[in-house]
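Here is a short lesson in reading a protein model. A learner asks and a teacher answers.

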Amino acid sequence: MIAVDAMGGDHAPRTAVEGALLAARRRGLRLLLVGRRSILEEEIEEFGPGPAVRDRVEVVHAGEVVGMCESALAVRRKRDSSVRVCARLVKEGRAQAMVTAGNTGAALVAGKMVIGVAPGVDRPALAVAMPRRVGRTILLDAGANVDSKPDQLRQFAVMGHYLAQQLLRMNSPRIGLLSIGEEAGKGTDLVREVFKSLDATGLNFVGNVEGRDVFSGAADVVVCDGFVGNAILKSAEALAEFVGAQLREEMSSTLRSRLGYLLAKPAFDRFRSRVDYSEYGGAPLLGLRGGCFVAHGRSSAHAMSSAIQRAVEFCEAGIHLKVSAKLSEVAFEAAPKAVAG
């Protein structure tokens, strides 16, 4: 069972409701739709899902909302907010994971306060699987923590290590630290301090990597603070949209190019599926005792449906629990080889 924050996101609750109904219809999922009951019931009725689909979607009332522009700490006083109720459903075991397209900071606070963090974790990190030439690169933190300390980035690296083992099926994933140059002395004071720390962890640390290496495959896991990670993520999304729009414009400019587009359309569709965030949907917030997935704030219904599906896949494979269990085994101040197992 997945709890969906129907009130979070730029286009809530409509896209969240439609996405949940799509997931229930196409994949036969059972979902908890969390938000103001009267509004959600009206939205569901408007889509006319039919009794078979409607029976798979249960509405759970939450009378408050944490807005996109509100402080994340609003979760503390808004105890009946949709994002906090979702977290409570995970804590109580009624849902295996929650999905929200709302305030990322609020999801982080709700996750820490209500679901709880795994032992050895100070702050959870948002992990995004970025496309590269072959396969994917895990980028974390991608926006949950805009201010990070050296020990926290070290924890992010360990989280990424175990996630890559589970998700990418790699025994010894290459860990890179994002900087402005490959040399050990490059970067901010924070980056230089984290470099020394990661070099002593026993992980397969390949040193500093640059922004281009997120997409080149020079590392399997790229570690950075959430401010930088989110800037990379949003820039990559915008660039993909720009390239797609330019290609469509060029391909429709002449009769010859339109004919060429028809022949090349399957290749363009495959390219779009690799770079379109709506195909992947959401990113896991690692380091919690339960599942929490954060979708893009402007997610479409298709993107929300994809995010729900990713949450189901993670839960079925037990990936988030396996990562948390591994983190619990690791004493972050222990000898370097204790981390690498």
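The dialogue below takes up salt bridges, cavities and a surface patch.

Q: What should I know before I start?
A: This is a predicted model, where local features need pLDDT of at least 70, side-chain atom pairs count only at pLDDT 80 or more, and totals for chains, interfaces and linings use all residues. Residues are numbered from 1 along each chain as its sequence is written, and side-chain values use heavy atoms, with hydrogens and water left out.

Q: How many salt bridges does the structure hold?
A: Start with the idea. Side chains of opposite charge can pair when their charged atoms come close. A salt bridge here is a side-chain nitrogen of Lys or Arg within 4 Å of a carboxyl oxygen of Asp or Glu. The structure holds 13 of them.

Q: Which residue forms a salt bridge with Lys78?
A: Glu70 does, and the closest N and O atoms are 2.8 Å apart.

Q: Is Lys78 buried or exposed?
A: Use the cut-offs: buried means under 20% relative accessible area, exposed over 50%, and partly exposed in between (1.4 Å probe, protein chains only). Accessible areas come from the Shrake-Rupley method with a 1.4 Å probe, and for residues only the protein chains shown count as cover. Lys78 has 13% relative accessibility, so Lys78 counts as buried. Its partner Glu70 has 26%, so Glu70 is partly exposed.

Q: Where do Arg192 and Asp189 lie?
A: Helices (H or I, at least four residues) and strands (E, at least two) are DSSP runs, numbered from the N terminus. Both residues lie in helix α8 (residues 189-198), three residues apart, about one turn of the helix. They form a salt bridge with the closest N and O atoms 2.3 Å apart. Asp189 is exposed at 58%, while Arg192 is partly exposed at 30%.

Q: Which helix holds Glu313 and Arg310?
A: That is helix α13 (residues 301-317), where the two are three residues apart, about one turn of the helix. Their salt bridge brings the closest N and O atoms to 2.9 Å. Glu313 is partly exposed at 34%. Arg310 is buried at 14%. Elsewhere, salt bridges that share partners join Arg14, Glu43 and Glu46 into one network.

Q: How many cavities of 30 Å³ or more are there?
A: Rolling a probe the size of a water molecule over the atoms shows where empty space is left. On a 1 Å grid over the protein atoms alone, a cavity is a set of points where a 1.4 Å probe fits but cannot get out; lining residues have an atom within 4 Å of a point. Points are joined across faces, edges and corners, and a volume is the space filled by probe spheres set on the points. The structure holds three such cavities. The largest has about 70 Å³ of space.

Q: What lines the largest cavity?
A: Its lining includes Pro284, Phe293 and His320. Elements giving two or more residues to this lining are β11 (282-286), β12 (291-295) and α14 (319-329). Ala, Val, Leu, Ile, Met, Phe, Trp, Tyr, Cys and Pro count as nonpolar, Asp, Glu, Lys and Arg as charged, and the others, Gly among them, as polar. The lining has seven nonpolar, five polar and no charged residues.

Q: What is the volume of the second largest cavity?
A: About 40 Å³. Asp5, Met7 and Asn103 are among its lining residues. This lining divides into five nonpolar, five polar and one charged.

Q: Which residues make the nonpolar surface patch?
A: Patches are made of residues with over 30% relative accessible area and no salt bridge: like charges are joined within 9 Å, nonpolar side chains (Val, Leu, Ile, Met, Phe, Trp, Tyr) within 5 Å. Leu239, Phe242, Val243 and Leu247 make a patch of about 340 Å². Leu247 is in helix α10 (residues 226-251) and is partly exposed at 31%.

Key
On a 1 Å grid over the protein atoms alone, a cavity is a set of points where a 1.4 Å probe fits but cannot get out, and a pocket is an open set with protein on both sides within 12 Å along at least five of seven lines; lining residues have an atom within 4 Å of a point.
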